[in-house]
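User: Hello! I would like a close look at a single part of this model, and then how the rest fits around that picture.

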2 protein chains.
Amino acid sequence: MTQGDYARMETAFARDYYVRNLALLQADMAERGLGALLIFDPESIYWLTGYRSIGYFTFQCVLVLREGGPVMISRRVNQQVALCNENIPIFVAIEDTDDAITILAGVVRERVAPSAAIGAETGSTYLTVQAWKTLKNALPNPMQDWGGVIERARTIKNATQLGYMREAARCAVAGLDAAVKAIVPGASENDLAAAMLHGATAAGSEYTRVPLVVTGQATGVCFTTWQRRPVKRGDVVFLEAASNVNRYHAMIARCCIAGEATAEQKRLAGIVIESLDRAIEALKPGTTSGVVDAACRAVFEKAGIATYFDHRTAYAIGIGFPPNWAEGRFLSLRPDDPTVIEPGMTFHIVPSVFMPEFGFCFSESVAVTDAGCEVLTDYPRELIEVAF
Amino acid sequence: MTQGDYARMETAFARDYYVRNLALLQADMAERGLGALLIFDPESIYWLTGYRSIGYFTFQCVLVLREGGPVMISRRVNQQVALCNENIPIFVAIEDTDDAITILAGVVRERVAPSAAIGAETGSTYLTVQAWKTLKNALPNPMQDWGGVIERARTIKNATQLGYMREAARCAVAGLDAAVKAIVPGASENDLAAAMLHGATAAGSEYTRVPLVVTGQATGVCFTTWQRRPVKRGDVVFLEAASNVNRYHAMIARCCIAGEATAEQKRLAGIVIESLDRAIEALKPGTTSGVVDAACRAVFEKAGIATYFDHRTAYAIGIGFPPNWAEGRFLSLRPDDPTVIEPGMTFHIVPSVFMPEFGFCFSESVAVTDAGCEVLTDYPRELIEVAF
């Protein structure tokens with residue numbers, strides 16, 4: 001039996017999209033005088049080929065040559081999903097008893113002239129230092145850091161990608177809404193998380209990084225999530241739902257009170273929501289990352305609580321494989337950043353306060369348009385008081 | 001306000017567990033003549049301190065010195081969750097406008113003598129090659145690869161850890177059962193995945209790597225998961241549910257038929273299940289990884305379909321942060337592996353066949369006991385025919 005007998009895997013874009021992406025890399029290689037590229041990030045591999053095995057937690061590499069299609073080097077178990085994809089003409093299998101770098105070095109020696117310089121995606125968290133050292137020792141080629149080309153291309157979304165992100169936003173809102181409705185006496189954080197995951201997935205989402213479901217005083221501690229705590233009357237309930245369609249993400253965060261909000265909670269929620277409004281108003285082509293951040297941050301500064309808003313205003317969103325759901329590694333809205341905003345950029349705007357008693361975050365996923373920005377997520381932008 | 005005003009975070013073990021783990025590292029440093037260790041893996045950091053921020057997708061490092069407690073260097077947003085943990089006495093914040101390695105190098109220069117050798121976890125996927133190069137250039141210290149000590153300690157589970165894994169197994173079975181019950185006419189893969197995630201999470205699970213829900217011919221392609229395909233009459237439905245409690249994992253896979261199984265499907269399922277039985281029987285203290293693998297693989301060889309079982313028989317399980325849910329990087333059951341099996345080792349045994357028409361996998365999570373092995377997951381070990 002041949003590969004052709006196995007199921008074909010759907011790719012998110014037509015073949016010419018991937019052909020253009022490959023051409024972009026090969027043009028960059030020509031310009032830099034590189035004979036080969038070694039790509040390791042699952043996001044980069046997805047952008048180049050549409051390949052999306054869940055097996056990216058073990059070693060995988062795509063070798064790009066000056067001509068011809070990508071060569072994938074990965075575990076045998078990924079062979080079918082690779083070859084079911086028309087953008088990966090060649091797959092070299094690593095057996096579970098093989099050393100991955102030995103196999104990769106053999107493929108490179110076979111296909112790349114020993115004097116040709118090789119660019120490697122050394123900023124990727126999927127290439128370990130030990131693997132890099134072994135690879136360098138095994139190859140005669142000059143090796144250099146390579147990166148930035150794929151990241152720049154990913155920054156601007158096309159109409160199809162924006163369509164996927166609108167779908168993802170709809171799924172994220174479904175997840176959020178299901179979690180809000182699960183806030184009832186007797187429920188635990190896990191019940192809310194279960195409802196959120198169910199709502200987003202049934203609406204059409206693929207797998208994402210862990211969303212956030214936190215209650216009570218723990219909401220004051222950033223980057224925690226559900227851990228079986230019971231929801232108690234008076235608790236703040238922090239919900240950040242996420243979804244993706246064809247790996248293109250959207251997220252939305254809201255805060256609720258199990259019961260009635262205090263006057264102080266209403267005041268603080270108002271500040272965070274106003275800062276979100278200001279960021280959305282300020283986000284448009286031609287302005288800069290730093291200017292939008294300042295517009296958002298000014299609301300906290302005026303209220304005298306800037307010390308509790310201790311991170312960037314927004315991070316770029318798009319392709320993600322867990323634990324990443326964002327493109328914040330290469331684009332965000334943050335203090336003094338001179339990056340110029342362009343149509344097609346997409347962000348998750350996340351103003352928040354994390355105080356000892358509780359925390360609040362209200363967020364939206366947005367896309368920069370020709371004139372301003374489109375809010376992708378559609379849910380009442382308010383502190384939600386739940387009968388409890 | 002001080003850190004003490006924020007919520008405390010629950011750790012999975014009593015303080016003395018972490019004290020012993022730190023002492024183990026400091027003894028190893030003394031033996032190797034190392035003045036400091038740099039730890040990057042979220043699993044290693046969790047083992048050492050109990051710290052579990054979901055923010056491990058950006059740079060974080062724990063510096064271990066010859067005396068005193070761990071020093072964490074991470075983004076400002078992780079400060080509360082770090083300092084709410086009594087095992088992290090010192091936290092140095094990286095602002096969102098800082099370069100992470102510049103901050104780390106400053107901390108090392110301040111606390112480690114310039115002539116002292118430093119061991120770094122260079123096998124971790126969370127330290128990039130570019131970060132490593134920058135760090136080496138910024139420090140006068142001799143730097144060396146370090147690893148293996150934490151991995152060896154993680155290999156053998158204690159009674160508390162096994163208790164968490166039994167709980168995780170119960171949650172995974174709840175997720176599996178919910179997905180099986182969601183197989184009804186009109187359902188999609190997403191509906192099954194939604195039910196699985198809901199079932200496991202409501203039962204008590206924390207977040208895991210993506211579980212697997214695949215239908216029809218796509219089940220023949222390893223490492224795919226749900227992608228909105230409708231379940232059709234006669235489809236194979238492949239379900240692999242996962243859960244964790246306090247980050248200690250268990251998984252279980254079963255296959256179903258939407259309707260009645262064919263004679264050929266029953267025969268193949270029988271082969272995979274028999275291979276699983278043989279592996280469980282063979283797994284006991286004193287035998288080797290390779291011997292157990294051979295016992296499992298022999299069933300496929302006898303049936304003449306060994307070519308469709310193209311990976312290791314099992315991988316170790318325990319601590320995981322997505323995209324990892326396993327400890328297979330340092331322990332597995334695979335051909336010719338001489339590793340001796342010991343009580344307290346835990347595995348996910350995953351015999352499978354991936355054929356062009358469909359695939360099958362039946363799996364169990366198990367713990368090696370003094371005399372044999374305990375199956376942690378409890379669900380009928382059979383091909384499930386669902387009225388459809």
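User: Across which strands of chain B does helix α4 (residues 100–111) lie, and at about what angle to β4(B) is it running?

Analyst: Happy to help! This is a predicted model, so to speak of local features pLDDT must be at least 70, side-chain atom pairs count only at pLDDT 80 or more, and totals for chains, interfaces and linings use all residues. Residues are numbered from 1 along each chain as its sequence is written, chains are lettered from A and ligands numbered from 1 in the order in which they are written, and side-chain values use heavy atoms, with hydrogens and water left out.

Helix α4 of chain B lies across β1, β2, β3 (71–75), β4 and β5 (117–120), running at about 145° to β4(B). Helices (H or I, at least four residues) and strands (E, at least two) are DSSP runs numbered from the N terminus; axes are lines fitted to C-alpha atoms, for helices over the stretch in contact (heavy atoms within 4.5 Å), and angles run from 0 to 180 degrees between N-to-C directions.

The sheet in chain B is open, with 6 strands in the order β4-β3-β2-β1-β5-β6 and mixed pairing; two strands pair if DSSP finds at least two bridges between them. Since β4 (90–94) and β6 (143–145) of chain B stand at the edges with a single partner strand each, one side of each has no neighbour in the sheet. From one strand to the next, the twist averages 25°. Within the sheet, β1 (residues 34–39) and β2 (residues 60–65) of chain B run antiparallel and are joined by 4 bridges, and B:Ile39 stands opposite B:Val62 in β2(B).

Now for how chain B meets chain A. The contact takes 76 residues from each of chain A and chain B. About 6700 Å² is buried between them, 62% of it from carbon and sulfur atoms; buried area is the accessible area (1.4 Å probe) that two parts lose on being put together, summed over both. A:Ile54, A:Val129 and A:Phe223 supply 10% of the area that chain A buries against chain B, more than any other three residues.

Between the chains there are 4 salt bridges, each a side-chain nitrogen of Lys or Arg within 4 Å of a carboxyl oxygen of Asp or Glu. The side chains of B:Glu206 and A:Arg228 meet in a salt bridge at 2.8 Å, N to O. On the side of chain A that touches chain B, α3 (79–83), α5 (129–138) and α8 (189–202) of chain A each give two or more residues, and α8(A) gives the most, with 9 residues.
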